Structure formats: C-alpha cells, structure tokens
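Dear colleague,

I am handing over the structure below for you to look through at your own pace. My notes on what was found in it follow underneath.

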Amino acid sequence: MSRSFEGVHALQGVSIELHRHEVVGLIGPNGAGKSTLVNILTGFDFPTAGSVSLDGRDVTGWSAHRRGRHGLARTFQHSHSFRSLSVRENVEVAALGVGAGARAARMRAGELLDLLGLAAYAEAPAGSLPHGDERRLGVARALATEPSFVLMDEPAAGLPEAEVPEFAAVVRAVRDDHGAGVLLIDHNMALIMDVCDRIQVLDQGTVLAEGTPAEIRSNLDVAAAYLGESAVQAEQRS
Ligand SMILES: Nc1ncnc2c1ncn2[C@@H]1O[C@H](COP(=O)(O)OP(=O)(O)OP(=O)(O)O)[C@@H](O)[C@H]1O
C-alpha cells in the first residue's frame, strides 16, 4: 500500500502480512510511517494505492467499526478511554460493543484486568490512571473484543522499565493463549527483540529490512537508521 499526504509520501509500496499465533514487530525512526500503516490496516485511514485484506477478504473500503466486528482490534498512542467511567466499565463497554452480553462482558473485564495487572484500579475512574497503566487499559479494551488480530501502537510507552518484562508476558499470552496475531509497534528494542517472531523495519515510508530478531540485530542498515553511521562503523571495526 501507499499513502501520500499532499506531497509527503508517508508510505510507498509497503507490504505487511500478519498471521494468527505470531507477534510481528514494526519498528522504525520517528516519521517512518508506522502509525500511518496501522491507521490504514484498521480503517482509520485509507491508502492512496493498494489494498488491505482480512482473512482473505478485501476490506479496503470497510470502516474501522466493521473491521473491529470482524476480529481486528487496536490500541492507540493516545488514550481513547472514557475518562469518567471506571477502569472496569471501560473494558466492559468494549466487550459490549462487539455484542457480548452483560454478564459475559463483566467476566471478560475481570479476567483482563487480572491479566494486565489492573485489578487494583478496577473501580477507579480511567482518567485517574498514570500514563503506563492507561496504555495497559488500552490493551485490555482491545482484548475485550476477543480479536483475531491486535495492532498495538506503542503500548509500552510510559511503562516503568521494571514493568516491561511483565508486559512482554502479556503479549505472549495474547499470542499463545488467545491465538491472536499481534502487530507490535514500539521504540523499546528490548521488548521488540524479546517477544517478536518477525520484525519489519520501516524507514521513510519504505520497508528497509525484515527478518527474525537475530537477523534484524545483525543488519547494518537497520543499525544505521537507528544509531547513525558512527555506530555502524564501530560495529564493523569490532
Ligand atoms: N494526517 C497527516 N497529514 C500530513 N502528514 C502526515 C499525516 N499523518 C502522517 N503524516 C506524515 O507522514 C509521515 C509518517 O508519519 P507517521 O506518524 O506514520 O510516522 P511514525 O513512524 O508513526 O512516527 P512516530 O514514531 O513518531 O509515531 C510523517 O512525515 C508525517 O509527518
């Protein structure tokens, strides 16, 4: 797919594939096109050229809501929770939105708040959560829809470093226990390298590299995009 904004080529001929039971990392420097790609995949934006398919069906013209009802969920960089509703109610509302009954929604919310480590805040207003917990609430809300695919846009931003391994376990649980496919965008390379089965690197709207974490780690182009030429030269010398 490609996407231009009045002359800015945010994406140029980018292909990405996500299967159930896997975690794919999407990384790249600021402005590389990561959020644009997630917006297009989830129906919050539309490609200038190209198409999106979900379970083999062309969904390019579908609204975000319709894609959501067909198993595609996402989290946002900025909070989309209902600030005055409680943390629990926010998760319940997400489940109700895809057709769960009241009892099932309540049970699902309870399980997800436990999984995400938010049970202690269940009755607090969502607007009172610290930034990192708010990101986790976003993940809980996405999972409440029982998605086949979850696209997570910087879910670990704002999480204290000590809590990142716990969050990595959540991502693995979504893949292994729920069988979902996860597209994970994050600047935390330790998290990405730890949980991803495959990684795709975007730079200036094109795919710079793709491969396993080990392949990406040893790819000098990726190092150049991230760390600058000097780091690459240092790596070549060592
Ligand atoms: N609505 C828009 N209007 C104009 N330009 C846009 C719009 N959305 C994105 N862009 C431009 O497209 C390019 C890609 O932006 P995008 O936000 O997708 O990058 P990103 O990789 O998600 O960056 P970050 O890591 O900072 O979130 C940037 O040059 C950005 O300025």
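The ligand is surrounded by 14 residues, and the closest of these are Gly31, Gly33, Lys34, Ser35 and Thr36. Please keep in mind while reading that this is a predicted model, and that the distances and areas given here are computed from it.

Sorted by class, the shell around the ligand consists of seven polar, five nonpolar and two charged residues. Strand E2 (8-11) and helix H1 (34-42) each contribute at least two residues to this shell, and H1 provides the largest share, namely three residues.

Three of the contacts made by oxygen atoms of the ligand may be useful to you at the bench. An N or O atom in the side chain of threonine 36 lies 2.6 Å from a ligand oxygen, while a polar backbone atom of alanine 32 is 3.1 Å from an oxygen atom of the ligand, and for asparagine 30 the distance between a side-chain N or O atom and a ligand oxygen is 3.2 Å. Taken alone, the ligand would expose 630 Å², of which the protein buries 59%.

Turning to the protein surface, Phe82, Val93 and Leu96 together make a nonpolar patch of about 230 Å². Valine 93 belongs to helix H3 (residues 87-97), and its relative accessible area is 31%, so this residue is classed as partly exposed, the range for that class lying between the buried limit of 20% and the exposed limit of 50%.

With best wishes

Methods: Residues numbered from 1 in each chain as written. Predicted model: local features only at pLDDT ≥ 70, side-chain atom pairs only at ≥ 80, totals over all residues. Heavy atoms only, no water. Near = heavy atom within 4 Å. Polar contact = N/O pair within 3.5 Å; in protein donor to acceptor, adjacent residues only side chain to side chain. Areas by Shrake-Rupley, 256 points an atom, 1.4 Å probe, with all protein chains shown as cover. Helix = DSSP H or I, 4+ residues; strand = E, 2+ residues; numbered from the N terminus. Nonpolar A, V, L, I, M, F, W, Y, C, P; charged D, E, K, R; others polar. Patch = residues over 30% accessible without salt bridge, like charges linked within 9 Å, V, L, I, M, F, W, Y side chains within 5 Å. Salt bridge = Lys/Arg side-chain N within 4 Å of Asp/Glu carboxyl O. Buried < 20%, exposed > 50% of the residue type's maximum accessible area, 1.4 Å probe, protein only.
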